[in-house]
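Here is a short report on how the strands, the core and the disulfide fit together. Have the structure open beside you as you read.

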Amino acid sequence: QVQLVESGGGLVQAGGSLRPSCAMTRGTLSLYNMAWFRQAPGKEREFVADISRSGGITNYADSVKGRFTISRDNAKNTVNLQMNSLKPEDTAVYYCAAAGTRSSGYRYWGQGTQVTVSS
């Protein structure tokens, strides 16, 4: 059974940066495609970014392209999301997901980490 634990969220001013991390505490990260999603209050969960098993292919939502970077360290069983030039509309709970694709859905999810961007 895979277990995902997010950390690294927080409160930051607009224009600032945060770097949430996702640790796979049970399972082997290198076996899975990974992704980040987010859900703002009153809104549906939305895709943010994904990364292939080797890290060679990444995809981003248009709203974060050029500002966010997804990366992975298979040796450390972690996936990171570097978020720069943050905007108040980036405020959401950020979730890590494993084993799947945007079209088919993801099998495993973390508990989420709160990111709040003040104006």
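In this predicted model, G100 stands opposite Y106 of strand β10. The two strands involved, β9 and β10, pair in the antiparallel sense over four bridges, and a hairpin of three residues joins β9 to β10.

Strand β9 is a good place to stay for a while. Besides β10, β9 has antiparallel bridges to β4, six in number, and it pairs with β11, also in the antiparallel sense, over three bridges. If you want residues to click on, F37 has Y95 in β9 as its bridge partner, while A92 is matched with V115 in β11. The pairings of β9 are listed here:

| Strand pair | Bridges | Direction |
|---|---|---|
| β4 and β9 | six bridges | antiparallel |
| β9 and β10 | four bridges | antiparallel |
| β9 and β11 | three bridges | antiparallel |

How enclosed is β9 by the rest of the structure? Seven of its ten residues are buried, so β9 is largely enclosed.

That leads us to the core. The largest nonpolar core has 35 residues, and those touching the most other members are L4, M34, W36, L81 and Y94. Several strands give two or more residues to this core, among them β3, β4, β8 and β11. With five residues, β9 gives the most. As for Y94, its contacts beyond four places in sequence include W36 and L81, as well as E6, R38, F68 and V115.

Now for the disulfide. The model has one disulfide, which joins C22 to C96 with an S to S distance of 2.1 Å. The angle about the S-S bond is -75°, making the link of C22 and C96 left-handed. This pair ties together distant parts of the chain: C22 lies in β3 (residues 21-26) and C96 in β9 (residues 92-101), 74 residues apart. Are these cysteines buried or exposed? C22 has a relative accessible area of 1% and is buried; C96 is buried too, at 0%.

The β3 end of that link belongs to an open sheet of four strands, ordered β1-β3-β8-β7 with antiparallel pairing. Why is one side of β1 and of β7 left without a neighbour in the sheet? Both stand at the edges with a single partner strand each, so one side of each stays unpaired there. On average, neighbouring strands of this sheet are turned by 20° against each other, direction ignored. Within the sheet, β3 and β8 run antiparallel and are joined by three bridges, and A23 stands opposite T78 in β8.

Conventions:
Residues are numbered from 1 along each chain as its sequence is written. This is a predicted model: local features need pLDDT of at least 70, side-chain atom pairs count only at pLDDT 80 or more; totals for chains, interfaces and linings use all residues. Side-chain values use heavy atoms; hydrogens and water are left out. A disulfide is a pair of cysteine sulfur atoms within 2.5 Å. Buried means under 20% relative accessible area, exposed over 50%, partly exposed in between (1.4 Å probe, protein chains only). A nonpolar core is a set of buried Ala, Val, Leu, Ile, Met, Phe, Trp, Tyr and Cys residues joined through side-chain atoms within 4.5 Å. Contact means heavy atoms within 4.5 Å. Two strands pair if DSSP finds at least two bridges between them. Axes are lines fitted to C-alpha atoms, for helices over the stretch in contact, and angles run from 0 to 180 degrees between N-to-C directions.
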